[in-house]
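Q: Please take a close look at a single part of this structure, one helix and the strands it lies on. I would then like to see how that part is placed within its chain and beside the other chain.

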Amino acid sequence: MMNKLNARNIDTQELFYGHKACGGCGESLALRLALKVLGEEAYIALPAGCMSAVSFIYPNMAFKNNAIITPFASTAAVTTGMQAGLKAKGKKNPLAVGFAGDGGTADIGIQALSGAIDRGEKFIYICTDNEAYMNTGIQKSGLTPYGSHTTTTPVGKKIKGNMHKKKNMFEIVAAHGIEYAATASMGYIEDFLNKVQKAKEHDGPSYIHVLAPCPTGWGHGTELTVEIAKNAVDTGLWVLGEYEDGKFKLNKKPKEFKPIEEYLKPQNRFKHLTNEMLGEITEIRDQYWDYILENWEV
Amino acid sequence: MPKYDFLNGNEAVAYGVKLSRPHVVSAYPITPQTKAVEKIAQFVQDGDLECEYMHVESEHSAMSCAIGSSSVGARTFTATSSQGLLYMLEGLPYASGARLPIVMMNANRSIATPWNIYGDQMDAMFALPTGWIQIFVEDAQEALDMMIQSFKLAEDHEILTPVMVNMDGFVLSHTYEKVQIPEQKDVDDFLPEIVTAPHLMQDENPMSMCISAGNKHNMEFKIKQHKEMEKAFEKFEEIDLEFEKKFGRGYGSAIVGYCHEDAECLLVTAGSVTGTAKNVVDKLRKAGKKVGLLKLRMIRPFPIKLLKELCSNNSTIGVLDKNISFGYEGSLFTNINSALKQNNHIGETYNFIGGIGGRDITPENIEEMFDVLLGNKKAEKISFYNMRCEL
């Protein structure tokens, strides 16, 4: 086990730069920092989406690593294909890593991800979750939270935003009996980096689901990305946990939750929420926390 | 002593793949391809083939895994059929655009609906514009040999194009024939280890792959790919000659003529029906009729010049299609008509459609087609054979 990673000891080499992501982009921050842990030998796969759209524009390539854009549905398939190819060609300790957004993971890519985890060979999959299809213009995905405005769940006269709860991708992945899975937030960067490190050390498939705010899609200031991601955890609306050796573990238990408004209010996508809807969001949160406190290692 | 075995087409393919020593095989089962991937799995489980066998959850992932492994320079094989080919269709231009030398066997089968597991060649037609080299084989021996030849063709650094070998479902995939299995050492000589192409991902010189190219560059990428595909004709012939030298049997060019030189009329066939048609040609030749046959082995890239060399300018040409492009005609017919037009061919052309959904194409049917081509029988431009009712 390596020493804990932090801002002082992390690799200063940049492996992802010169891309065209928006200011304050949480996803590109996650990618950039994760690569510092994964190292330049890692082979990277990303589907069609924001990260590939901003970084593979001929003739300007933003990855120092080997990297490939995959068909949208097949991040995990291409990733494990690279891993198998490298292994069969005799490379020592090959490391293939897939990065995909919420839609690429929980919707169109879920079948390939499930199949890849099932095959049991080592690979790392990092879901950078910004809770909607941002690249195509902020449409609802299976990971859009309750109440959120998106361009396909607009705040209408009759229906106010998204009426569905967010899919629990972390537990869906864990239900495969995966070697290692974790949730993370761009508000707790050291925690994220160390989880990437842990995934790297595991022999089988591992999955990290990181909440990565999108100022453009969420409607908040570009300087607030980290703060908002931190508040998601501090309000209890996003949970930092791990699944390892068949057990769920809670990583961070706030003594008391910050009011949910502190997370929701700076974001335009939630500005229409009524008191009743805020109550429902609180209820969704509390139910999940009751479940966690009863069933997870705390 | 050459080793013979009694194999069906699927098993022959499996032997061809095994002898080619792929690094990675990713495959999802679909009738009538299953016996091929089962046999390869058996080789792996018995320790007779060392490769990463990926049990994928769908054809889409079979092709995507193949894209992943091929893009790091691994020799890669997959196989599918019918609905499976259609499900992986997204990955086909993806792989060819990235110049990935994947080899795939497609056991030709009907397309739903109505559902049907039997052989026609409808599935392959969906893949015509995808940038894959498409080959049809006549029998199990050719299927085995074309596996070995296809890796050599696909992986050649002047070609770097994926190859799809079409083998008729059931008629070939499930029919047993006497097949010669080449010696491993001879195959190793003929097909050395794959050399990673410079544009692929590798440790020493990291690459970005499957990039995006906007409207300033995109068309140049596509047209270059198109132009480079033409190089396959020469390489295809060259590889076959080398194969013949090594193994004592060869298959010829992208189109192979049979009794074509003085023929007044020619029938164009692709796949297993060629064997039946050759028998009919023999019979009619004995009766003094100047008929001939063109066996279409490669339909992408399409051998326009070769077609000109093989048929005289005023010969009547019939095209036997085991597919139909709804609302138009058989797709081989469309392709051949266009090529003939470019070659200033003046003879009549006819389209014979048969074998849909596994319907038999009998020697009598083919005799009737030649009757049309010889002018002894009237027919519409497009006619359908062995129909069980009037339409």
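A: **A helix across a sheet**

Helix α13 of chain B, residues 331–342, lies across β11, β12, β14 and β15 of chain B and runs at about 150° to β14(B). The model is predicted: local features need pLDDT of at least 70, side-chain atom pairs count only at pLDDT 80 or more, and totals for chains, interfaces and linings use all residues. Residues are numbered from 1 along each chain as its sequence is written, while chains are lettered from A and ligands numbered from 1 in the order in which they are written.

Some terms are needed here. Helices (H or I, at least four residues) and strands (E, at least two) are DSSP runs, numbered from the N terminus. Axes are lines fitted to C-alpha atoms, for helices over the stretch in contact, and angles run from 0 to 180 degrees between N-to-C directions. Two residues are in contact if their C-beta atoms, placed from the backbone, lie within 7 Å.

A further helix, α11 of chain B (residues 273–286), lies across β10, β11 (265–269), β12 (291–296) and β14 (316–321) of chain B. Its direction is at about 165° to β12(B).

**The sheet beneath**

The strands named above belong to an open sheet of six strands in chain B, in the order β10-β12-β11-β14-β15-β16, with mixed pairing. Strands count as paired if DSSP finds at least two bridges between them. At the edges stand β10 (255–258) and β16 (382–384) of chain B; each has a single partner strand, so one side of each is left without a neighbour in the sheet. From one strand to the next, the twist averages 20°. At the β16(B) edge, strand β15 of chain B (residues 349–353) runs parallel to β16(B) and is joined to it by three bridges. Asn351(B) there stands opposite Ile382(B) in β16(B).

**The place of this part in chain B**

An automatic or database domain assignment gives the domain bounds. By these bounds, chain B consists of domain 1 (3–247) and domain 2 (255–384). Their C-alpha centres lie 27 Å apart. Where the two domains of chain B meet, 27 residues of domain 1 are in contact with 21 residues of domain 2. On the domain 1 side, α6 (122–126), β6 (133–136), β7 (163–168) and α10 (232–247) of chain B each supply at least two residues. The most comes from β6(B), with four residues. By class, this side of domain 1 has 15 nonpolar, seven polar and five charged residues. In this scheme Ala, Val, Leu, Ile, Met, Phe, Trp, Tyr, Cys and Pro count as nonpolar, Asp, Glu, Lys and Arg as charged, and the others, Gly among them, as polar.

Strands β6(B) and β7(B) also appear in an open sheet of seven strands, ordered β3-β2-β4-β5-β7-β6-β13 in chain B, again with mixed pairing. Its edge strands are β3 (52–55) and β13 (298–300) of chain B, each pairing on one side only. Neighbouring strands in this sheet are turned by 20° against each other on average, direction ignored. Strand β2 of chain B (residues 24–27) runs parallel to β3(B), and four bridges join the two. Ala27(B) has His55(B) of β3(B) opposite.

**Beside chain A**

The contact between the chains takes 37 residues from chain B and 36 residues from chain A. Strands β2 and β3 return here: together with α3 (59–70), α5 (91–97) and β9 (208–209) of chain B, they each supply at least two residues of the side of chain B that touches chain A. Helix α3(B) gives the largest share, eight residues. This side of chain B divides into 17 nonpolar, 16 polar and four charged residues. Strand pairing also joins the chains, as β4 of chain A (residues 66–70) and β9(B) pair in the parallel sense over two bridges. Ile68(A) stands opposite Met209(B) in that strand of chain B.
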